[in-house]
Amino acid sequence: MTMVNLMMNILWLIFGGLLSALGWLLAGVLCCITVIGIPVGLQCFKFAKLVVTPFGKKVYFGNMSSGSVVLNVIWILLGGLALCIGSIVMGIGSCLTIIGIPFGLQHFKFAGLALMPFGAEIRQMEETS
């Protein structure tokens with residue numbers, strides 16, 4: 001992780017990222033209480049992991065099986081679309097100021113994951129030198 005990503009992640013945590021990650025963690029725990037909610041709970045943990053340190057990470061959507069597609073359709077119908085729209089609105093709001101643009105871009109990353117979390121993978125971005 002580069003020094004810039006580290007500094008941006010610290011600012012992110014201070015200005016709401018930690019609270020958001022705790023919310024996703026709590027949602028994951030609550031979903032995992034029931035057996036049928038475990039797949040949704042695991043996706044909430046994926047969100048929590050990304051929301052803690054979003055800078056320097058990329059979401060890859062290349063590993064979609066037929067099961068992932070079916071689960072993503074159900075996810076979209078039960079709330080994924082609302083989460084996506086919320087992230088887009090927060091991203092646009094953040095991008096209204098020059099200082100907020102990097103944070104807005106992270107919200108757009110969350111919007112993609114909010115729409116299709118099943119089969120998506122979170123990876124570190126490759127460092128260029």
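**Bent helices, buried residues and one salt bridge in a predicted model**

Colleague: What do the end C-alpha atoms of helix H3 show when set against a straight helix?

Modeller: In this predicted model, H3 covers residues 66-94, and its 29 residues would reach 42 Å if the helix were straight at 1.5 Å a residue. The end C-alpha atoms are only 35 Å apart, which is short of that span.

Colleague: Where in H3 is the kink centred?

Modeller: The kink in H3 is centred on Ile76 and amounts to about 70°.

Colleague: What span does H1 have, and what would a straight helix of 30 residues give?

Modeller: H1 spans only 36 Å between its end C-alpha atoms, whereas a straight helix of 30 residues would span 44 Å at 1.5 Å a residue. A bend of about 70° is found in H1 at Ile14.

Colleague: Why is the span of H4 said to agree with 1.5 Å a residue?

Modeller: H4 has 15 residues, which should span 21 Å at that rise; the end C-alpha atoms of H4 are 21 Å apart, so the two values agree.

Colleague: Why is Asn72 called buried?

Modeller: The relative accessibility of Asn72 is 4%, and buried means under 20%; Asn72 therefore counts as buried. This residue lies in helix H3. Not counting residues up to four places away in sequence, Asn72 touches Met64, Leu115, Met116, Pro117 and Phe118.

Colleague: Why does Ser68 receive its burial label?

Modeller: Ser68 has a relative accessible area of 11%, and the limit for buried is under 20%, so Ser68 is buried. Ser68 also belongs to helix H3. Leaving aside neighbours within four places in sequence, Ser68 is in contact with Asn63, Phe118 and Gly119. The C-alpha atoms of Ser68 and Val35 are separated by 18 Å, with these positions 33 residues apart along the chain.

Colleague: Which residues of H3 are buried, and what covers them?

Modeller: They are Ser68, Asn72, Trp75, Gly80, Cys84, Ser87, Gly91 and Ser94. Their cover includes helix H2 (38-52) and helix H4 (101-115).

Colleague: Which residues are buried in H1, and which are buried in H4?

Modeller: In H1 they are Asn5, Met8, Asn9, Trp12, Gly17, Ala21, Trp24 and Gly28, and what covers them includes H2, H3 and H4. In H4 they are Phe103, Gly104, Gln106, His107, Lys109, Phe110, Ala111, Leu113 and Ala114. These buried residues of H4 pack against H1, H2, strand E1 (57-60), H3 and strand E2 (121-124).

Colleague: Why is Phe45 placed in its accessibility class?

Modeller: Phe45 has 28% relative accessibility. Buried would require under 20% and exposed over 50%, so Phe45 counts as partly exposed. Phe45 is part of helix H2. Apart from neighbours within four places in sequence, Phe45 is in contact with Leu25, Gly28, Val29 and Cys32. Phe45 and Gly28 are 17 residues apart in sequence, and their C-alpha atoms are 5.7 Å apart.

Colleague: Why is Ile99 called exposed rather than buried?

Modeller: The relative accessible area of Ile99 is 71%, and exposed means over 50%; Ile99 is therefore exposed. Ile99 lies in the loop between H3 and H4. Ile99 and Leu6 are 93 residues apart along the chain, and 17 Å separates their C-alpha atoms.

Colleague: What makes up the nonpolar patch on the surface?

Modeller: The patch is formed by Met3, Leu6, Met7, Ile10, Leu11, Ile14 and Phe15, which together have about 750 Å² of accessible area. Leu11, for example, lies in helix H1 (residues 3-32). Leu11 has a relative accessible area of 34%; patch membership asks for over 30%, so Leu11 meets that requirement while being classed as partly exposed.

Colleague: How many salt bridges does the structure hold, and what makes the pair Glu121 and Arg123 a salt bridge?

Modeller: The structure holds one. The closest N and O atoms of Glu121 and Arg123 are 3.2 Å apart, and the cut-off is within 4 Å, so the pair qualifies as a salt bridge.

Colleague: Why do Glu121 and Arg123 count as partly exposed?

Modeller: Glu121 has 34% relative accessibility and Arg123 has 37%. Partly exposed lies between the limits of 20% and 50%, so the label holds for Glu121 and for Arg123.

Key. Residues are numbered from 1 along each chain as its sequence is written. This is a predicted model: local features need pLDDT of at least 70, side-chain atom pairs count only at pLDDT 80 or more; totals for chains, interfaces and linings use all residues. Side-chain values use heavy atoms; hydrogens and water are left out. Helices (H or I, at least four residues) and strands (E, at least two) are DSSP runs, numbered from the N terminus. The expected span of a helix is 1.5 Å times one less than its number of residues. The bend at a residue is the angle between axes fitted to the seven residues ending there and the seven starting there. Buried means under 20% relative accessible area, exposed over 50%, partly exposed in between (1.4 Å probe, protein chains only). Contact means heavy atoms within 4.5 Å. Patches are made of residues with over 30% relative accessible area and no salt bridge: like charges are joined within 9 Å, nonpolar side chains (Val, Leu, Ile, Met, Phe, Trp, Tyr) within 5 Å. Accessible areas come from the Shrake-Rupley method with a 1.4 Å probe; for residues, only the protein chains shown count as cover. A salt bridge is a side-chain nitrogen of Lys or Arg within 4 Å of a carboxyl oxygen of Asp or Glu.
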